[in-house]
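User: I would like to go through the charged contacts in this model and learn how each label is justified.

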Amino acid sequence: MTTVLAVDLGSASGRVLAGTLHDGRLDVTDIYRFKHQARRRKDGTLTWDVATMEAETIVGLKKALAHFPDARTVSIDTWGVDWAPLDEDGNLVGDVVAYRDERTSRTLEAFRVRVGDREFFDMTGNQPATINTANQLFAFLQENPGDAQRVRSALFLPDYFAYRLTGVVGWSRTIASTSGLLTPGGADFNDQVFNRLGIPRAWFGSLDADRTVVGPCTVPGLEALTVVRGGAHDSACAVHGLPIEEGKRAYFLSCGSWSVLGAIEDAPLTGDAAFELGITNEGRTDGGVRPLFNITGMWILQEIQRQWEREGTPTDTDELVAQARALPPASGTFNPDEEAFATPGDMQRKIDAALDAQGAARPDSMAAYVRVIIESFARRYARAIGELTQATGAAPDQLNLVGGGARNHLLCDLTAKLAGVTVVAGPIEASTFGSLLAQLETIGALAQGERSAVIAASASTHVHVPPRA
């Protein structure tokens with residue numbers, strides 16, 4: 001038996017889990033969960049509470065070692081793009097500013113003077129966006145020149161926490177591939193981007209592959225652990241944990257409040273079609289590429305439920321979906337990508353207006369609204385799969401659907417039917433599986449060719465097959 005630990009840090013919570021490999025099966029134990037939140041400084045800057053995240057991570061790891069004293073490694077993954085500035089002594093220079101802070105909007109036009117949108121895509125393989133690390137660094141240099149003079153290195157968030165556990169400075173490829181600082185496909189940092197934007201190249205060292213060792217943990221009480229790069233980006237971890245049979249071509253759909261659809265490729269997707277579709281090329285834990293793009297997510301369902309609850313009607317998602325499943329097909333649907341659905345507030349009225357515009361009947365119950373919403377998303381996902389197929393030139397054999405949407409069997413059934421592709425729903429915790437499996441591969445406890453079999457033996461999935469014509 002071999003046990004490894006995973007730290008998964010989200011934008012509002014974190015968790016520490018243990019995975020034990022025995023007899024070809026990975027058993028996952030949830031050890032510790034905690035919450036954190038972004039904070040506004042007095043000047044309005046939105047920052048991350050990295051001190052709480054670090055302290056709670058250490059608490060969780062100590063609890064994990066108390067349960068599993070033979071645990072060998074730990075890997076940390078986070079969301080993409082955010083970074084931490086360090087001075088020559090390895091201490092933070094100010095706060096870690098969140099990607100949603102408005103500073104990148106204030107400096108966007110100056111950024112575009114240096115690098116235009118299409119040029120940025122051609123140089124990096126990433127879509128232009130104010131949240132990109134490249135935009136954040138440019139804004140930092142423009143608005144905080146005094147602090148910038150004190151910076152000696154800039155670490156992506158999972159690399160920052162790995163540094164805090166080990167004292168080793170490094171840059172993991174999967175998380176760096178979200179930054180807009182690499183060449184297309186993420187083989188290396190792109191010096192041209194640094195030069196054009198005036199970002200000091202000295203702030204970043206060489207790029208480190210995932211599934212490599214960072215170093216021994218130096219935190220008192222955690223010296224038994226070795227920190228490894230098990231896939232520093234949460235989405236890369238999720239793809240690494242997907243159940244995909246040998247020889248099958250798969251697309252993946254991470255379906256939560258927001259949705260991400262992508263393919264598993266050896267080379268980046270570039271050119272006009274990829275740019276117009278909104279493709280961003282991000283790295284995979286195993287060294288490949290994940291061309292992906294964003295789609296409006298299930299937050300529309302979440303928002304209408306919040307509206308009903310504010311109006312005094314409690315809701316239960318599972319019950320509403322079950323009721324919606326028993327209803328006939330909706331008389332009309334809407335496009336979730338329309339601008340009206342991107343903002344909160346009175347989602348029921350927005351749906352009514354969209355249906356009125358096409359002469360479709362308004363839903364007559366909460367379950368009927370849920371049916372319309374789910375059908376609308378299934379149609380959008382089916383259309384997106386077609387768009388991605390045009391961009392890649394090859395249709396998928398299956399769609400691996402992970403995230404909260406994997407629990408929604410109506411959504412999965414309708415997506416399979418409308419897209420004409422088998423949908424493999426789950427595992428819900430694909431990111432955890434991916435991190436744990438990558439660590440086991442790193443230390444030689446699991447051969448790379450055995451990963452699919454372990455996932456099949458360990459993960460809970462449900463297959464939705466499209467009906468025959």
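Analyst: What follows takes a few salt bridges in turn and sets their values against the definitions. This is a predicted model, in which local features need pLDDT of at least 70 and side-chain atom pairs count only at pLDDT 80 or more, while totals for chains, interfaces and linings use all residues. Residues are numbered from 1 along each chain as its sequence is written, and side-chain values use heavy atoms, with hydrogens and water left out.

User: Why is the contact of Arg-33 and Asp-30 called a salt bridge?

Analyst: The term requires a side-chain nitrogen of Lys or Arg within 4 Å of a carboxyl oxygen of Asp or Glu; the N to O distance between Arg-33 and Asp-30 is 2.6 Å, so the pair meets that definition.

User: What makes Arg-106 exposed or buried?

Analyst: Buried means under 20% relative accessible area, exposed over 50%, and partly exposed in between (1.4 Å probe, protein chains only). Arg-106 has 53% relative accessibility and therefore counts as exposed, whereas Glu-143, with which Arg-106 forms a salt bridge at 2.7 Å, is partly exposed at 32%.

User: How do you know which parts the pair of Asp-191 and Arg-201 ties together?

Analyst: The closest N and O atoms of Asp-191 and Arg-201 are 2.9 Å apart. Asp-191 lies in helix 9 (residues 191-197) and Arg-201 in the loop between helix 9 and strand 10 (213-216), so the pair ties together parts 10 residues apart in sequence. Helices (H or I, at least four residues) and strands (E, at least two) are DSSP runs, numbered from the N terminus.
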